[in-house]
Amino acid sequence: MNSLINKQVVLGVTGGIAAYKSAELVRHLQKIGARVRVIMTPAAQEFITPLTLQALSGHPVHTELLDPQAEAAMGHIELARWADLILIAPASANFIARLCHGEGDDLLTTVCLASHCQIAVAPAMNQAMWKQTGTQENIAQLQARGVKIIGPAQGYQACGDSGPGRMEEPDILAKQAATLFDSGLLAGKKVVITAGPTREALDPVRYISNHSSGKMGYALATAAMEAGAETILISGPVNLSLPDRVEVVSVVSAQDMLAAALEAVEGADVFIAAAAVADYRPQHNADKKIKKTADDITIALTKNPDIVATIAALTNRPFTVGFAAETHNLENYARKKLLDKNLDLIIANDVSDKSIGFNSDDNQVTLVSPKQVESLPLMSKVSLAKCLIEYISTHLIA
Ligand code: C5P
């Protein structure tokens, strides 16, 4: 499957005749689900206008590093965090050299430097420039650092030469970009994830719930699926589109979620509790709508089962991961939760910071395991999910 659903792609366009194909590339990336924002270098604007790419991407094209207006809208650091993938197509020999040397003298190189996401480069240049030792050494260094090189293709070139150096065709580039999210790290494994809020009924029309969006759990499910795992997502009521190639079990209450989790966890290798489960439910769920008669009413609450702790207590339990949302003393409370619930890993985040957590698209977490504490940088929930799945897969083997 070639899908970029929910993925945020920064498309970097550098100076080269193939820049005209970037317009088509925007379309192909969008067609398979990506949200696209474009950065153009000054040289790229000699070949194609920012207006064309703005019209196609639906967003202003970013061109300047030191532009107060652009920085006020979406600055280079936000753009770097926003990206799940930075794809540079076409990438000139000059841009490749500057990326290789860690330069940050324009917007595109700076965003590459500031981002933690996957970078992919589609070289496009004259065949002699491609074959130069300098270019080849730069490419080898970038590959060694994890940058993906897509192409170049062979064939007739605009300058009249023939050989390697043509930018890969836009449809192929979009498909290759999608495969970059497939890691195979959890191939053959079964992963169960809970996500979203639960609703605890008071009567047929009312319930107690919370503001969980489910974004983190859904991103984790997609990342687990992309890592090759058979993935079951047990979801409370959310407003998100169903992830591709993931079995979704929809539930409403904490009790439903526990029952679904106990069933799904059979033979599972990993259980990740990303749901914001209501701690309490009304003691009585009235058959009929509660009438507005008394001035004051009291609702008695009873404690819900702790789903993640129940799974962690099973014999032959999976690698069990929980979340801890804290406003202070993050590491200490997370460690206590790790021990109390007998988990293998706690993903802790500071919910006193409004830019992360619950409804936000970004998150910043600290990973607390029995042996290790590691803080990850602020990034999009999609990129974070990918990092977390990588972390879990290495710890499963260890
Ligand atoms: O105890 P607390 O709610 O802070 O713990 C959060 C972690 O425990 C999350 O991973 C959440 O999904 C899980 N949890 C659960 N069942 C509950 C309460 C929390 O699985 N009833």
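**Entry 1: strands 11 and 12**

I looked up I234 and found V249 of strand 12 opposite this residue. The model is a predicted one, and I keep that in mind for every entry below. Strand 11 covers residues 230-235, and 4 bridges join strand 11 to strand 12. The two strands run parallel. I noted the general point that strands of a sheet pair through backbone hydrogen bonds, either parallel or antiparallel.

**Entry 2: the sheet around them**

I then followed the pairing outward. The open sheet has 8 strands, in the order 12-11-8-13-16-17-19-20. Its pairing is mixed. I checked the ends: strand 12 (247-250) and strand 20 (373-375) are the edge strands, and each pairs on one side only. From one strand to the next the twist averages 15°.

Which helix packs on this sheet and touches strand 11? I found helix 11, residues 254-264. Helix 11 also touches strand 8 (190-195), strand 12 and strand 13 (270-273). The direction of helix 11 makes about 170° with that of strand 11.

**Entry 3: the largest pocket**

I looked up the largest pocket next and wrote down about 910 Å³ of space. Its lining has 36 residues. Nearest the centre of the pocket lie A275, A276, V277, F323 and A325.

Which elements give two or more residues to this lining? They are helix 10 (215-226), helix 12 (307-312), strand 16 (319-326) and strand 17 (345-350). Strand 16 gives the largest share, which is 4 residues. Strands 16 and 17 I had already met as members of the sheet of 8 strands. I sorted the lining by class and got 17 nonpolar, 12 polar and 7 charged residues.

**Entry 4: the other sheet**

I turned to an open sheet of 5 strands, ordered 2-1-3-4-5. The pairing here is parallel. Strand 2 (35-40) and strand 5 (148-149) are the edge strands, each pairing on one side only.

At one of these edges I looked at strand 4, residues 118-123, which 2 bridges join to strand 5. The two run parallel. A120 stands opposite K148 of strand 5.

Helix 6 (residues 107-114) packs on this sheet. I listed its contacts as strand 1 (8-13), strand 2, strand 3 (85-91) and strand 4. The direction of helix 6 makes about 145° with that of strand 3.

**Entry 5: helix 5 against helix 6**

I stayed with helix 6 and looked up helix 5, residues 93-100. The axes of the two helices come within 10 Å and cross at roughly 35°. The crossing of helix 5 past helix 6 is right-handed.

Which residues make the contact? From helix 5 I noted F95, R98 and L99, and from helix 6 L108, T109 and C112. By class, the contact has 4 nonpolar residues, 1 polar and 1 charged.

**Entry 6: cavities**

Last, I looked for enclosed space. How many cavities of 30 Å³ or more are there? I counted 2. The largest cavity holds about 60 Å³ of space.

Its lining consists of A80, R81, A83, A114, S115, H116, C117, L378, M379, S380 and S383. Helix 4 (76-82) and strand 21 (379-380) each supply at least two of the lining residues. A114 in this list falls within helix 6, whose residues are 107-114. I divided the lining of the largest cavity into 6 nonpolar, 4 polar and 1 charged.

Note on methods: Residues are numbered from 1 along each chain as its sequence is written. This is a predicted model: local features need pLDDT of at least 70, side-chain atom pairs count only at pLDDT 80 or more; totals for chains, interfaces and linings use all residues. Side-chain values use heavy atoms; hydrogens and water are left out. Two strands pair if DSSP finds at least two bridges between them. Axes are lines fitted to C-alpha atoms, for helices over the stretch in contact, and angles run from 0 to 180 degrees between N-to-C directions. Contact means heavy atoms within 4.5 Å. On a 1 Å grid over the protein atoms alone, a cavity is a set of points where a 1.4 Å probe fits but cannot get out, and a pocket is an open set with protein on both sides within 12 Å along at least five of seven lines; lining residues have an atom within 4 Å of a point. Grid points are joined across faces, edges and corners, and a volume is the space filled by probe spheres set on the points. Ala, Val, Leu, Ile, Met, Phe, Trp, Tyr, Cys and Pro count as nonpolar, Asp, Glu, Lys and Arg as charged, and the others, Gly among them, as polar. A crossing is left-handed if the near helix is turned anticlockwise from the far one by less than a right angle, and right-handed if clockwise.
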